[in-house]
Amino acid sequence: MNSTQTEIVVIGAGAAGLMAAIAAARAGARVRVLDGAKHIGAKILVSGGSRCNVTNEYVAPARFHGEGAAPFVTRILRSFSPADTHRFFAQIGVELKLEETGKFFPVSDSSRTVLNALLKELGDSGAILSTQTSVCDLEKEEDGWKISIPDEEIFARAVILCSGGLALPKTGSDGRGYRLARKFGHTLIQTTPALTPLVSRSAPHAKFSGLTLPVRLQFRKKDGARLAAYDGSFLFTHFGYSGPAALNLSRHVARDREKFPDSHVTLRLLPDVAEGAEAGWWHEFSGRGAKKTFAGAMNEILPGKLAATMPALAKIAPQITLGRFDKTQIAAAKSALFEMPLPVDEVADYVKAETTAGGIALEEIAPATMMSRLAPGLFFAGEVCDVDGWLGGYNFQWAWSSGVVAGRAAAKLVKAA
Ligand SMILES: Cc1cc2nc3c(=O)[nH]c(=O)nc-3n(C[C@H](O)[C@H](O)[C@H](O)COP(=O)(O)OP(=O)(O)OC[C@H]3O[C@@H](n4cnc5c(N)ncnc54)[C@H](O)[C@@H]3O)c2cc1C
């Protein structure tokens with residue numbers, strides 16, 4: 001059995017691990033990065049439709065979930081902000097461009113640009129990367145850590161665990177890192193898929209498959225109290241629903257369904273009508289189109305296929321003109337337009353998920369350093385932690401920021417020793 005020494009071992013060379021290793025090596029530490037995968041950066045390469053959505057114009061702590069995530073993420077983003085992210089990528093030769101949605105992509109429109117620049121910077125920083133090197137075990141020693149990989153033991157003063165979560169397992173994220181952390185007393189907050197499509201087994205809307213429209217998607221308790229809501233583009237598919245609004249909602253459905261068994265999902269088909277303004281909107285709409293049939297009026301404001309289902313959904317004859325609607329019909333029409341029921345049975349599993357909700361409990365990690373409060377010298381970064389962000393570059397932002405904080409703090413620790 002070979003035995004080697006270094007100052008810092010980073011477990012996992014995804015977005016968080018590469019960033020942590022670069023930050024630690026730039027701060028003067030001897031760093032070795034270990035990854036079980038043969039090809040590094042698989043998730044970076046597939047991200048953002050192979051364009052890698054690096055960050056977002058609207059990054060804010062409220063757009064991250066997890067127990068105690070908002071104050072925690074606030075601290076981390078203060079230490080390494082989206083502006084720092086832009087500077088970092090410019091410095092390593094990756095120019096970013098802003099798109100209308102608020103997403104930032106490399107101007108090359110290629111995720112390969114991002115990965116290549118990170119790998120080059122990793123090499124230039126002096127960190128050593130070992131691929132196909134899976135960490136089987138981690139043990140605390142008197143003045144550091146013993147990291148076991150096949151045929152070798154590595155002794156290091158600090159370890160940064162960046163092993164990811166469970167999303168897209170074929171890229172090497174299979175949850176092994178959770179086991180390593182739990183060995184040192186860390187709590188694993190229940191994991192579920194997040195940023196994943198919503199599944200409707202009966203597929204009542206399969207006939208709309210391929211239809212995209214802007215909506216507000218709402219998830220409510222039986223009594224109507226709202227559990228979550230997202231505005232955004234929405235896509236009907238042959239198995240259920242996708243698009244940003246559905247993907248963002250999925251973590252709530254996955255986590256709160258059991259707690260609130262009769263909770264339900266509805267579509268607000270006219271998201272530009274402010275909540276509470278529905279009655280005024282109908283008054284104006286039906287006043288302007290008093291002589292229009294219900295079917296004709298729906299055709300003017302909704303895509304054809306969807307408009308055609310409104311009479312059946314609202315139980316209103318298609319040929320009745322808006323001016324002749326009674327109170328019950330007005331209520332039914334508003335309900336169909338603003339609270340269209342959407343049967344959802346479950347969320348798609350980790351194979352289709354972009355990230356993992358849940359992970360290592362934040363209260364056991366110090367936000368100033370990303371170091372374990374239970375096992376000093378053990379640091380965390382990225383998806384392994386109980387933080388998941390909105391769709392649109394938020395999860396990479398978390399990986400970059402938490403990676404830098406962990407890398408710098410680990411380097412400081414080993415240099416102080
Ligand atoms: C299809 C898809 C598209 C996405 N698009 C975007 C996007 O455009 N923008 C965005 O912000 N986010 C996006 N995401 C989310 C983003 O990719 C993740 O949040 C981010 O990659 C997490 O980085 P990480 O380093 O924490 O984990 P990972 O990237 O999962 O890296 C973990 C690494 O650890 C290694 N590993 C695990 N256990 C061990 C072990 N025991 N020993 C050695 N190595 C180990 C794994 O092989 C892996 O390489 C997307 C995700 C998917 C699946």
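These are my notebook entries on one helix pair and on the ligand site of a predicted model.

Entry 1, the helix pair. I looked up how helix α1, residues 15–26, sits against helix α12, residues 394–416, and found that the two pack at an angle of about 35 degrees, with their axes 7 Å apart. I noted the crossing of α1 and α12 as right-handed.

Entry 2, the residues in that contact. From α1 I listed Ala15, Ala16, Met19, Ala20, Ala23 and Ala24, which meet Phe396, Ala399, Trp400, Gly403, Val404, Gly407, Arg408 and Ala411 of α12. Sorted by character, the residues of this contact come to 11 nonpolar, two polar and one charged.

Entry 3, the shell around the ligand. I then turned to the 32 residues around the ligand, of which Asp35, Val135, Ser173, Glu383 and Phe396 come nearest; Phe396 I had already listed on the α12 side of the helix contact. The shell divides into 11 nonpolar, 16 polar and five charged residues. Helices α1, α2 (42–50) and α12 each supply at least two residues of it, and α2 gives the largest share, with four residues.

Entry 4, polar contacts of the ligand. For Val135, I recorded a polar backbone atom 2.9 Å from a nitrogen atom of the ligand. For Glu383, a backbone N or O atom lies 2.8 Å from an oxygen atom of the ligand. For Arg176, the partner is in the side chain, where an N or O atom is 3.4 Å from a ligand nitrogen. I closed the entry with the cover: on its own the ligand has 1,000 Å² of accessible area, and the protein covers 94% of it.

Note on methods
Residues numbered from 1 in each chain as written. Predicted model: local features only at pLDDT ≥ 70, side-chain atom pairs only at ≥ 80, totals over all residues. Heavy atoms only, no water. Axes fitted to C-alpha atoms, helices over the stretch in contact; angles between N-to-C directions. Left-handed = near helix turned anticlockwise from the far one by under 90°. Contact = heavy atoms within 4.5 Å. Nonpolar A, V, L, I, M, F, W, Y, C, P; charged D, E, K, R; others polar. Near = heavy atom within 4 Å. Polar contact = N/O pair within 3.5 Å; in protein donor to acceptor, adjacent residues only side chain to side chain. Areas by Shrake-Rupley, 256 points an atom, 1.4 Å probe, with all protein chains shown as cover.
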